[in-house]
Amino acid sequence: MSYLQDNTKPVTLFELGKMRAEGRKIVMLTGYDASFAALLERCGVDVILVGDSLGNVLQGQKTTLPVTVEQMAYHTECVCRGANRAFVVTDMPFGSYAESPEQAMRNAVRLMAAGAQMVKLEGGAFMAETVRFLVERGVPVCAHIGLTPQSVHQLGGYRVQGKSDAGAAVLKADALALEQAGAALVVMEMVPSQLAADITNSLNTMATIGIGAGVDCHGQVLVLHDLIGVFPGKRPRFAKNFMEGASSIDEAVTRYVTDVRESRFPGPEHSY
């Protein structure tokens with residue numbers, strides 16, 4: 001049984017904005033195929049992120065860097081065959097958008113044609129011009145700041161971002177610039193909880209989606225394979241295996257949905 005009161009009405013960008021304004025938590029999970037897309041919808045997930053994390057959890061890559069636009073388009077098509085209600089966001093993979101706004105537009109068009117309703121790209125204020133370029137041309141954008149996996153080598157590994165005063169100031173400026181450029185959502189990854197709360201409270205229109213960023217964001221996202229405990233790699237602190245004590249994947253996903261809605265997840269043990 002879906003946690004949502006109305007599980008037949010499609011989730012739109014307008015509805016996500018309404019949820020933000022009304023203080024209703026946005027529930028996001030990654031998905032990569034039609035069967036799981038249908039399951040996530042059935043359990044009440046609002047947004048399915050076709051993540052470049054497929055490089056890790058499906059392909060067995062050490063990073064997300066080898067993932068291509070064509071692979072993202074393929075998995076987007078698969079997800080969209082299974083999803084009738086959820087809002088579908090697709091990651092733009094490494095090397096597909098940073099060169100220029102025009103490059104980003106060409107590749108965003110490919111992903112939108114595959115069925116995505118929004119594209120996600122990593123980077124702070126330096127990506128604002130690209131975000132504005134896409135939004136002005138009809139492509140909704142989800143930004144991504146904090147720990148940005150496509151920059152893992154430059155960042156020196158998977159480390160919490162914004163711990164220093166200077167680092168916090170940069171993230172605050174990044175969020176404001178991206179909001180002003182027109183991004184509707186921003187994923188904040190591995191950011192101290194208080195900083196994430198401060199950024200969330202400082203924004204006027206853009207909804208924050210946390211992953212290792214505390215409970216005060218407008219919504220939460222996890223990698224599906226972490227949630228159901230099947231990824232063989234090291235589980236990050238911000239992840240929780242919801243299969244523990246659950247009798248089915250449906251039950252595990254529904255627990256996640258409910259815990260996010262009720263601000264029970266993430267707890268202090270999943271935050272920084």
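## Confidence of the model

Across this predicted model, the mean pLDDT of the chain is 95, and 97% of its residues reach 70 or more. The exception to note is the start of the chain, where pLDDT stays under 50 over residues 1-5. For that stretch the model has 15 contacts beyond four places in sequence. Where pLDDT is low, the predicted coordinates should not be read in detail.

## Overall fold and dimensions

The secondary structure comes to eleven helices and eight strands. The radius of gyration of the chain is 17 Å, close to the 19 Å that the globule rule gives for 272 residues, and the chain is therefore as compact as a globular protein of that length. Measured out along its principal axes, a phrase used here for computed extents, the C-alpha trace spans about 45 × 40 × 40 Å.Of the contacts between residues at least 6 apart in sequence, 63% join residues at least 24 apart. Buried residues make up 58% of the 272 residues in the chain.

## Surface and charge

The chain exposes about 11500 Å², and carbon and sulfur atoms supply 52% of that area. As for charge, the chain carries 24 positive and 28 negative charges, and the mean positions of these two sets are 2 Å apart.

## An exposed helix residue: R106

R106 lies in helix α5, which covers residues 101-113. With a relative accessibility of 54%, R106 counts as exposed, because the cut-off for that class is over 50%. In sequence R106 and G44 are 62 residues apart, while in space their C-alpha atoms are 32 Å apart.

## A buried strand residue: I211

I211 has its place in strand β7, which runs over residues 207-211. Its relative accessible area is 7%, and I211 is therefore buried, since that class takes in values under 20%.

Leaving aside residues up to four places away in sequence, I211 touches V187, M188, E189 and M190, together with Q220, V221, L222 and F238. A separation across the model is given by I211 and E70, which are 141 residues apart along the chain and whose C-alpha atoms are separated by 26 Å.

Note on methods: Residues are numbered from 1 along each chain as its sequence is written. This is a predicted model: local features need pLDDT of at least 70, side-chain atom pairs count only at pLDDT 80 or more; totals for chains, interfaces and linings use all residues. Side-chain values use heavy atoms; hydrogens and water are left out. pLDDT is the predictor's confidence in each residue, from 0 to 100. Contact means heavy atoms within 4.5 Å. Helices (H or I, at least four residues) and strands (E, at least two) are DSSP runs, numbered from the N terminus. The radius of gyration is taken over C-alpha atoms; the globule rule is 2.2 Å times the number of residues to the power 0.38. Buried means under 20% relative accessible area, exposed over 50%, partly exposed in between (1.4 Å probe, protein chains only). Accessible areas come from the Shrake-Rupley method with a 1.4 Å probe; for residues, only the protein chains shown count as cover. Lys and Arg count as positive and Asp and Glu as negative; His and the chain ends are not counted. The place of a charge is taken as NZ of Lys, CZ of Arg, CG of Asp or CD of Glu.
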